[in-house]
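Trainee: Please take me slowly through one part of this structure, and explain the terms as you go. I would like to see how its pieces fit together.

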Amino acid sequence: CQCFCIDTEFLGLRNTYDLKEGGSEIPVTGQNVGEFVDLYVQHVLYVFCAGALSAFLAGFHSLVPPNKLSGLTPSELEAVMCGQPEMTDDDVEQLRAASHCSLDDAGQPHAQVLWFWEMMRSLSHDERSMVLQFVTGNERPPLTGFQALEHPFTVQVGAHLKPRDLPEAHVCFNQLVLPPCETRTILRDKVILAVREGREGLADA
């Protein structure tokens, strides 16, 4: 039966470690199984992985000093490291305000550009994240705001594209190139198709 010990094998050598004093003589029962699991997990994380964990923490703390972490909750730390978890209506407006776009012969934004921003306001949070990932490579809004992007988010109509084509993205430059679709509905369908296919392609890569 299982006792309060853990067996390991490395390069053909087997070893047994007690999880607590006299662990090899203490059977795991329904009453103490919770304690066994806690000790097992602690041993795997803090003993077996001590070297790797120390190296990770050394690198992490070289970027984020420990004293800067003391006031953060787990969700706040996630936001600092990964960005905000979803793209809100305010985020859409901030992205639009910080973006660049192509202009028509009259010096006004192309109709397809305006339709794109109308579409973004109507999308679900998940769909907005897919569009953001398709164009920038990151599905989350940056913590410091879209104005901090190295290259501004740019929406333009591609002169080389035909109405039947799908949108293109140049991720290194945060650039979305739209086909000259004739209606809002067609543009929306093509954008959603492109970003869904793009996400599946990233997942399979």
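Mentor: Happy to. A residue is called buried when its relative accessible area is under 20%, exposed when over 50%, and partly exposed in between, using a 1.4 Å probe and protein chains only. Helices (H or I, at least four residues) and strands (E, at least two) are DSSP runs, numbered from the N terminus. This is a predicted model, in which local features need pLDDT of at least 70 and side-chain atom pairs count only at pLDDT 80 or more, while totals for chains, interfaces and linings use all residues. Residues are numbered from 1 along each chain as its sequence is written, and side-chain values use heavy atoms, with hydrogens and water left out.

Let's warm up at the start of the chain. Strand β2 (residues 13–18) is hardly covered, with zero buried residues among its six. Its partner is β1 (residues 5–10), joined to β2 by six bridges in the antiparallel sense; two strands count as paired if DSSP finds at least two bridges between them. Glutamate 9 is opposite arginine 14 of β2. Two residues separate β1 and β2 in this hairpin, and leucine 11 in the turn has a positive phi of about 55°. Just before β1 comes the segment that holds phenylalanine 4. Phenylalanine 4 is buried, at a relative accessible area of 1%.

Now for the main part, an open sheet of four strands in the order β3-β4-β6-β5, with mixed pairing. β3 and β5 (168–170) are at the edges and have a single partner strand each, so one side of each lacks a neighbour in the sheet. Walk across from β3 (residues 100–101): two bridges pair it in the parallel sense with β4 (residues 154–157), and cysteine 101 has valine 155 as its bridge partner in β4. Next, four bridges hold β4 and β6 (residues 175–178) in a parallel pair, with threonine 154 partnered by glutamine 175 in β6. The step from β6 to β5 is antiparallel, over three bridges, and here histidine 170 is opposite glutamine 175.

Helices pack on these strands. α6 lies across β3, β4 and β6, at about 135° to β4, and α7 lies across β5 and β6, at about 55° to β5. Such axes are lines fitted to C-alpha atoms, for helices over the stretch in contact, and the angles run from 0 to 180 degrees between N-to-C directions.

α6 also meets another helix. The axes of α5 and α6 come within 9 Å and cross at roughly 160°. That makes α5 roughly antiparallel to α6, a label used for angles over 145 degrees (under 35 is roughly parallel, 65 to 115 roughly perpendicular, and the rest oblique). In this pair, Val92, Glu93, Leu95 and Arg96 of α5 meet Trp117, Met120 and Arg121 of α6, contact meaning heavy atoms within 4.5 Å.

Finally, look at the core. A nonpolar core is a set of buried Ala, Val, Leu, Ile, Met, Phe, Trp, Tyr and Cys residues joined through side-chain atoms within 4.5 Å. The largest one has 27 residues, and Phe116, Trp117, Met120, Phe153 and Val155 have the most contacts inside it. Two or more residues come from each of α5 (89–98), α6 (111–122), α7 (125–136), β4, β6 and α8 (184–204), with α6 giving the most, six residues. Leaving aside residues up to four places away in sequence, tryptophan 117 touches Val92, Leu95, Arg96, Ser99, Phe153 and Val155.
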